[in-house]
Amino acid sequence: MPFLNNLQRWADERPDDTAVVVAGQRLSWAGLRDGAQAAAASSTARVTVLAQPNSTQFAVEFAAAVAGDRECAVLDPTWPHALRDEIVQRLGSGPNGRGVNGSGVDPFPGSADTGLADGDPASSFLIGLTSGTTSVPKAFTRSRRSWQQSFEASMEFFGLSQQDKTLAPGPLAASLNLYALAECLYAGSEFHTLESFDVGDVHAAITHDGITRLVLVPTMLRLLSERGLLGCVDASGVRTIICAGSKLDARTLEAARRWAPHATIFEYYGASELSFVSGAGLAAGEPFSAGSTAIGRPFPGVEVRILDDSGNGLPDGAAGNISVQSGMVSNGYLWGDDGQALRCFDGWFTVGDQGYLSDGVLHILGRRADMIITAGKNVYPHEVELALSSVPGVASAIAAGMDDDLRGQRVVAGIVPSHGGVTATQLKTGLEDVLAKDKRPLQYYALDELPVTDRGKVSRRLLLDWIAARDSRVRHLV
C-alpha cells in the first residue's frame with residue numbers, strides 16, 4: 001500500500017471531516033474518496049501523468065492515479081511543453097507495456113484495475129523525475145511498500161498525529177510537498193496548501209486555519225519568519241517545522257525560533273532515490289551550533305555507512321560516499337542512469353553525496369563534483385557556505401573554486417548582504433572560529449542576487465561566469 005486503504009478507512013470513520021484544503025477550498029474524506037473512485041473508474045490508463053498546479057482536484061486525481069496496479073508520474077506544470085511531451089513519449093513506450101493518460105497519449109484499454117484500493121506492496125506506483133545531466137530529467141520508480149515504510153518512519157520521527165494540521169505551501173509537483181500530502185492521507189491528518197506560494201497567504205492560513213505543522217524549504221522559512229516578526233504574525237500555535245532541500249543556516253534558525261517559539265524545528269537529509277536518511281529536531285530553547293555540517297542520526301529503519309569508491313567502509317571522521325540500507329530505497333531508474341547517479345555496494349546504496357560519521361551523527365559535505373581542491377586540500381563549498389551564513393551581515397552565501405596557477409583552485413565566495421552590508425574584513429573575522437584556515441575564501445564578492453539557472457537552481461558555475469565577465473550584479477569586496 002501507500003495510502004488508499006487508509007483513505008477508505010478515514011472516509012468511513014470520519015466522512016465529513018476535512019482531508020485537504022487548497023487556498024481555502026476544502027475537501028472532506030468522503031468527498032476525496034468518492035471523487036477518486038469516480039476518476040479511477042473513468043480511466044483505464046496504466047500510467048497517469050499529472051502536470052497541473054495545486055488544487056483539490058490534484059489530490060483527487062493523484063489518489064485515482066495510484067489505485068490498484070496503476071502508476072503515476074507527477075510533472076512540474078511549468079516545464080516546457082516539449083519537455084513534457086518527451087517524458088510522456090518515453091513513458092508510453094516504456095517497460096511493462098505502459099499506456100499513458102493525462103497528456104494526450106491514448107491509454108491501453110483495460111490495462112488497469114479501476115478499484116480504489118492499494119495494489120501489491122511490491123509493485124511500483126510512483127514514477128519520480130529528478131535532475132540529470134541532460135535536458136530530460138532521470139526517471140526512477142518507487143514501490144508501494146517503500147512509501148508505506150517511509151510513512152511509518154517519518155510519522156515516528158516527526159511525531160505526526162491526526163490532530164495536526166499540516167501546511168506545505170510549495171507546489172505539489174515537488175517531491176517534498178507531494179510526500180507531505182500522501183503522508184497526511186495515510187495518517188488521517190488534515191493537509192493544507194496554496195495555489196502558489198505567497199508570504200501573506202501563508203501567514204493568513206497559519207493564523208486562521210490553526211496550522212500546527214509546516215513542511216517547507218529553508219528559503220521559505222526565512223521569508224515567513226522574518227516578515228512574520230516584522231508584521232507581528234502569531235505563529236505560537238505551530239508545533240513542528242520540517243525543512244528539507246538544504247541545511248538551515250544560523251540566521252534562518254534564529255528567526256524561526258523567535259517567530260514560532262513553541263516549535264521543534266526538524267531538518268533532515270535524504271534523496272529522491274533513497275528517501276529519508278538522517279535528521280535532527282531542535283526543540284524550543286535548545287542551543288544550536290552555528291555553521292555545523294551535522295544533520296542528525298539515521299531515521300528509524302535506516303542504516304548508514306561511509307564507503308570509499310570501492311565499497312570499503314571508512315572509519316569515524318573519514319569522508320566518503322554516504323551509503324544506506326533501508327526498505328525505503330527506490331527501485332532504480334527507467335532512464336537516465338549513467339551508472340553513477342545511484343550506485344550499490346553489496347546492498348548499500350549511494351547517490352554520491354559526501355559526508356562522514358562522528359559518534360553516530362551524520363555530517364553532510366556535499367556532492368563530490370562540487371569539491372574544490374586547493375593546494376592539495378579538499379574543500380566542500382557546502383561547508384564554506386554554512387560557515388559564511390552564520391556571519392552577521394550575510395543574508396545568503398555561495399562558494400566555488402576558481403582556477404589558480406599556484407594552488408590549482410582557490411576558494412572564492414559570493415555574498416548577498418543583509419541590511420547594513422558587510423566587508424571582507426568582517427567576513428574573515430567571522431569565520432575565524434567556525435571554519436579551518438585552509439578552507440576560508442581568498443576572495444569575496446558582494447552579489448545583488450544569488451546566481452540561479454533558468455530551472456531555479458543556485459549555480460556555482462554561474463557565479464564564476466559572472467566574476468569572469470565582470471557582471472554588474474557582482475562587485476569585489478575589500
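## A look around a predicted 478-residue model

Start with the contacts: of those in the protein with a separation of 6 or more, 68% are between residues 24 or more positions apart. Keep in mind that this is a predicted model.

### The overall picture

Counting secondary structure gives 12 helices and 27 strands. The radius of gyration comes out at 23 Å, close to the 23 Å that the globule rule gives for 478 residues, so the protein is as compact as a globular protein of that length. If you lay the C-alpha trace along its principal axes, the spans are about 65 × 50 × 45 Å.

Of the 478 residues, 54% are buried. The protein exposes about 20100 Å², with 48% of that supplied by carbon and sulfur atoms. As for charge, there are 41 positive and 54 negative side chains, and the centres of these two sets sit 5 Å apart.

### Two helices

Begin at the N-terminal end with α1, which runs over residues 4–13. Its buried residues are Leu4, Asn6, Leu7, Gln8, Trp10 and Ala11. In general, an α-helix has 3.6 residues a turn, so residues three or four places apart point the same way. What lies over the buried residues of α1? The cover includes α2 (29–41), α3 (56–65) and α6 (175–187).

Much further along the sequence is α10, covering residues 381–389. This helix is mostly covered, with nine of its nine residues buried. The buried set in α10 runs through Pro381, His382, Glu383, Val384, Glu385, Leu386, Ala387, Leu388 and Ser389.

Glu385 is worth a stop on the way through α10. Is Glu385 buried or exposed? Its relative accessibility is 12%, and because the cut-off for buried is under 20%, Glu385 counts as buried. Setting aside residues up to four places away in sequence, Glu385 touches Ala397, Ile398, Ala399 and Arg460.

### From α10 into strand β24

One of those partners of Glu385, Ile398, belongs to strand β24, residues 394–404. Ile398 is buried, with a relative accessible area of 1%. Which residues does Ile398 contact, leaving aside its neighbours within four places in sequence? Glu385 is on the list, along with Val412, Ala413 and Gly414, then Leu447, Leu450 and Pro451, and finally Val458, Ser459, Arg460 and Leu463. Arg460 turns up among the contacts of Glu385 and also among those of Ile398.

Take Gly414 from that list: Ile398 and Gly414 are 16 residues apart in sequence, and their C-alpha atoms are 5.2 Å apart in space.

### Asp353 and Ser124

Now for two polar residues in strands. Asp353 is in β20, which spans residues 353–358. With a relative accessibility of 9%, Asp353 counts as buried. Its side chain makes a polar contact of 2.7 Å with the side chain of Tyr269. Beyond four places in sequence, the residues in contact with Asp353 are Tyr269, Gly320, Asn321, Ile322, Gly366 and Arg367. For a pair with more space between, try Asp353 and Val411: they are 58 residues apart along the chain, and their C-alpha atoms are separated by 20 Å.

Ser124 sits in β6, residues 124–130. The side chains of Ser124 and Asn331 are joined by a polar contact of 3.0 Å. Not counting residues up to four places away in sequence, Ser124 also touches Arg70 and Glu71, plus the run Thr141, Arg142, Ser143 and Arg144.

Here are the two side-chain polar contacts together.

| Residue | Partner | Distance |
|---|---|---|
| Asp353 | Tyr269 | 2.7 Å |
| Ser124 | Asn331 | 3.0 Å |

### Two loop residues with positive phi

Most residues other than glycine have a negative phi. Ala23 has a positive phi of about 50 degrees although it is not a glycine. You'll find Ala23 in the loop between β1 (18–22) and β2 (25–28). Ala23 is partly exposed, at 42% relative accessible area.

Cys232 is another non-glycine with a positive phi, about 55 degrees. Where is Cys232? It lies in the loop between α8 (218–230) and β11 (240–243). At 68% relative accessibility, Cys232 counts as exposed.

Notes: Residues numbered from 1 in each chain as written. Predicted model: local features only at pLDDT ≥ 70, side-chain atom pairs only at ≥ 80, totals over all residues. Heavy atoms only, no water. Helix = DSSP H or I, 4+ residues; strand = E, 2+ residues; numbered from the N terminus. Rg over C-alpha atoms; globule rule 2.2 N^0.38 Å. Buried < 20%, exposed > 50% of the residue type's maximum accessible area, 1.4 Å probe, protein only. Contact = heavy atoms within 4.5 Å. Areas by Shrake-Rupley, 256 points an atom, 1.4 Å probe, with all protein chains shown as cover. Lys, Arg positive; Asp, Glu negative; His and termini not counted. Charge placed at Lys NZ, Arg CZ, Asp CG, Glu CD. Polar contact = N/O pair within 3.5 Å; in protein donor to acceptor, adjacent residues only side chain to side chain.
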